[in-house]
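This briefing is for a reader new to the structure. Please look over the sequence and the model, then read the points below.

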Amino acid sequence: MATMKEVQGQAAAILKDVAGTKADIHYSLDAALSACASGPEDGPKVWAIISGDDASSANSVLKALGAGQKRLAIVALATQGPISQLQVLRAMEYGDIYAAAAELGSKAKGAVSEVSGYTAGTSVLLLATPEAVRVDSQWTAFSYDPRREAAGGSAFAADGAQVRKEIQSFLARESLLTLVAKRSLPCESTEGGSGGLGEGLADASKTVTILYTSDTGHAEECAKAVARQCRNGGYANSAVRCSTLDAFDIGAIGSEPLIVFCVATAGKGEFPGNGRGFWEKLNARASEFDGKLADTKYAMFGLGDSHYWGKGTEDSRINFAKPARDLDEVLERLGAQRLIPTGYGDDQDVDQYHTGFGEWKNQLYSRLGVDKATASGGEDDGPVKTDEVIKTETKQLRGTLKVALDDITTGQIPFHDTKLIKSHGSYQQDDRDLREERQKLGIENAFSFMIRVRLP
């Protein structure tokens with residue numbers, strides 16, 4: 001197997017063959033970004049040849065994309081199989097990015113040629129060695145060129161009939177989000193100003209990541225309410241990611257411009273099951289992140305019960321929303337910037353956690369400039385209702401599902417409606433086999449409905 005230095009030499013030879021012997025080639029992203037900043041905006045391409053085998057390089061790529069350097073062309077080299085093509089998919093979420101994956105050798109020259117002529121934005125090219133491709137049965141060579149979409153075609157083009165599942169899922173998601181954007185986002189004003197889409201976003205970056213951990217589903221409801229508000233308030237649909245804490249790649253935390261946390265409490269001040277892994281990894285790698293989160297802003301909302309261990313007891317005081325408070329403390333210590341004061345939802349309030357969530361989300365929406373938007377499908381599901389109240393409000397189980405089913409921004413129905421359909425023998429569930437793959441892509445689980453019937 002060739003060493004990384006040898007593979008870098010092969011890649012550099014291809015670049016010089018296509019772009020010319022005077023091609024500006026660097027072997028670190030920092031050096032390439034510095035060269036971009038010091039030269040003219042309309043100057044020649046600046047190439048960065050880096051390793052594509054480790055997670056840290058993927059995080060560096062995402063951070064470099066945020067710089068928005070149109071002259072920058074990133075060439076990530078994969079020498080080990082199976083090959084992760086996730087960083088190229090993530091690159092496609094940024095506007096005006098050319099992305100491609102090709103096998104190192106003669107087949108790579110076409111992609112390099114397209115990169116050389118692309119001037120609308122940054123380019124990301126994944127080149128895999130033939131050895132790595134041979135051991136990856138799902139390897140997909142493709143190109144993603146926004147110029148094709150502008151001409152009325154598809155930006156994505158695969159070089160063969162096989163397309164790996166994670167890419168298929170990404171493309172299906174992008175098609176859906178494009179449809180949603182066309183139907184639900186406000187149009188740009190033509191009479192002075194930019195209208196609803198251009199207003200505000202005071203502290204909004206290119207992306208917002210919303211992470212939750214919950215056993216009962218309440219923190220998840222809060223997180224998804226924030227996601228809906230952001231999408232309908234001006235954020236690009238593909239730029240709003242919502243998932244559990246455990247589904248988040250902890251190594252990427254320093255490259256995230258904005259993270260919103262909705263954290264529930266389990267047991268005696270513990271993290272719920274789908275957030276424990278994140279918490280353990282963050283503490284284990286705290287020294288690695290120390291002082292490196294200065295560019296990361298965050299907002300924290302914690303849920304708990306101030307009387308869970310008895311009204312006024314020391315245990316209740318210590319354990320109320322403890323996971324959120326602990327996470328808040330660690331993030332601050334590591335240098336992350338708190339966007340707004342941390343909010344808390346207390347089950348002892350009249351409307352349970354909704355009282356605190358209402359106050360906190362108003363501040364958050366205002367800071368993000370999305371406070372004037374109306375969240376598609378409604379906001380959070382409101383206070384938890386008894387079965388009798390649900391029966392009354394649904395006209396004795398005749399149904400209130402139309403609004404939820406019409407909301408094409410999600411494949412699931414709200415908590416209250418799940419209780420309604422249970423009364424009719426139907427259950428909402430998701431495909432567990434697809435959870436990990438979909439969580440890595442930042443998309444919700446693959447929901448379906450099981451219906452029980454009695455056979456004669």
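In this predicted model, Thr 209 touches several residues that are more than four places away in sequence: Arg 241, Phe 248, Glu 256, Leu 258, Ile 259 and Val 260. Thr 209 belongs to strand E8, which covers residues 208–213. The relative accessible area of Thr 209 is 3%, so Thr 209 counts as buried, the cut-off being under 20%.

**Cysteines**

- A disulfide is a covalent bond between the sulfur atoms of two cysteines.
- With a cut-off of 2.5 Å between cysteine sulfur atoms, the count of disulfides is 0.
- For Cys 230, the closest cysteine sulfur is that of Cys 242, at 9.8 Å, which is too far for a bond.
- Cys 230 is buried, and its relative accessible area is 0%.
- Cys 262 is in no disulfide either, with the sulfur of Cys 222 as its nearest cysteine sulfur, 5.4 Å away.
- Cys 262 is buried as well, with a relative accessible area of 0%.

**Nonpolar surface patch**

- Ile 451, Val 453 and Leu 455 make a nonpolar patch of about 370 Å² on the surface.
- One of these residues, Leu 455, sits in the segment that follows strand E15, a strand of residues 447–451.
- Leu 455 has a relative accessible area of 69%, and it is therefore classed as exposed, for which the cut-off is over 50%.

Notes
Residues are numbered from 1 along each chain as its sequence is written. This is a predicted model: local features need pLDDT of at least 70, side-chain atom pairs count only at pLDDT 80 or more; totals for chains, interfaces and linings use all residues. Side-chain values use heavy atoms; hydrogens and water are left out. Patches are made of residues with over 30% relative accessible area and no salt bridge: like charges are joined within 9 Å, nonpolar side chains (Val, Leu, Ile, Met, Phe, Trp, Tyr) within 5 Å. Accessible areas come from the Shrake-Rupley method with a 1.4 Å probe; for residues, only the protein chains shown count as cover. A salt bridge is a side-chain nitrogen of Lys or Arg within 4 Å of a carboxyl oxygen of Asp or Glu. Helices (H or I, at least four residues) and strands (E, at least two) are DSSP runs, numbered from the N terminus. Buried means under 20% relative accessible area, exposed over 50%, partly exposed in between (1.4 Å probe, protein chains only). Contact means heavy atoms within 4.5 Å.
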